[in-house]
Amino acid sequence: MEFYELGNEALAVGELEKARFYYEKSVECDPSYFEGWQALAMAYYKLGEYEKAVNANKKAIELRPNDSMVWTSLSLAYIRMGNKIEAEKASLRARILSWKNKS
């Protein structure tokens with residue numbers, strides 16, 4: 001996806017705002033684009049927009065509920081928001097999925 005690639009290029013040179021813009025465009029064009037939601041969540045997190053990071057991670061989880069990395073990302077965003085209970089739930093889910101994927 002073109003916008004996603006442009007977001008990656010912007011991220012690679014440290015242009016977080018620009019990366020966020022392109023990742024937002026990528027999921028506007030295709031709301032089922034998992035990688036776009038995952039990257040958008042990371043961009044929001046790096047920009048300190050933790051509530052938006054949580055929401056983007058939740059969209060990614062809707063698309064791939066068994067992806068342990070997205071659950072880990074969600075947990076980190078919840079920690080930054082000060083929501084320890086939800087952070088622990090997401091972290092536990094990530095660990096369980098990681099164990100399942102190893103067996």
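Select E86 first: at 26% relative accessibility this residue counts as partly exposed, a class that lies between buried (under 20% relative accessible area) and exposed (over 50%), as found with a 1.4 Å probe on protein chains only. Now add K89 to the selection, and you will find that E86 forms a salt bridge with K89, with the closest N and O atoms 3.2 Å apart; the term stands for a side-chain nitrogen of Lys or Arg within 4 Å of a carboxyl oxygen of Asp or Glu. Both residues lie in helix 6 (residues 84-102), 3 residues apart, which is about one turn of the helix; helices here are DSSP runs of H or I with at least four residues, numbered from the N terminus.

Before going on, keep in mind that this is a predicted model, in which local features need pLDDT of at least 70 and side-chain atom pairs count only at pLDDT 80 or more, while totals for chains, interfaces and linings use all residues. Residues are numbered from 1 along each chain as its sequence is written, and side-chain values use heavy atoms, with hydrogens and water left out.

Next, select E17 and R20, whose side chains meet in a salt bridge of 2.3 Å, N to O. These two residues both lie in helix 2 (residues 16-29), yet E17 is partly exposed at 47% relative accessibility, whereas R20 is buried at 16%. If you add E49 and K52, you have the four residues that salt bridges with shared partners join into one network. A further stop is E15 with K18, where the closest N and O atoms of the salt bridge are 3.6 Å apart; E15 is partly exposed at 36%, and so is K18 at 41%. How many salt bridges does a search of the whole structure find? The search finds 7.

Now turn to the largest nonpolar core, meaning a set of buried Ala, Val, Leu, Ile, Met, Phe, Trp, Tyr and Cys residues joined through side-chain atoms within 4.5 Å. Select Y23, W37, L40, A56, W71 and L74, which touch the most other members among the 27 residues of this core. Which helix gives the largest share of this core? Helix 3 does, with 7 residues. Centre the view on W37 and, leaving out residues up to four places away in sequence, look for what W37 touches: V27, P31, A56, K59, A60 and L63, where contact means heavy atoms within 4.5 Å.

Move on to A10, which lies in helix 1 and is buried, with a relative accessible area of 4%. Beyond its neighbours within four places in sequence, A10 is in contact with E15, K18 and A19.

The last stop concerns aromatic rings, of which there are 5 pairs; rings of Phe, Tyr and Trp (its six-membered ring) pair if their centres lie within 6.5 Å, and planes under 30 degrees apart count as stacked, over 60 as edge-to-face and the rest as tilted. Select F3 and Y22, a stacked pair with 6.3 Å from centre to centre and 20 degrees between the planes. This pair links distant parts of the chain, with F3 in helix 1 and Y22 in helix 2, 19 residues apart. F3 is partly exposed at 27%, while Y22 is buried at 17%. Finally, select Y4 and Y33, an edge-to-face pair with 5.4 Å from centre to centre and 85 degrees between the planes. Y4 lies in helix 1 and Y33 in the loop between helix 2 and helix 3, so this pair ties together parts that are 29 residues apart in sequence.
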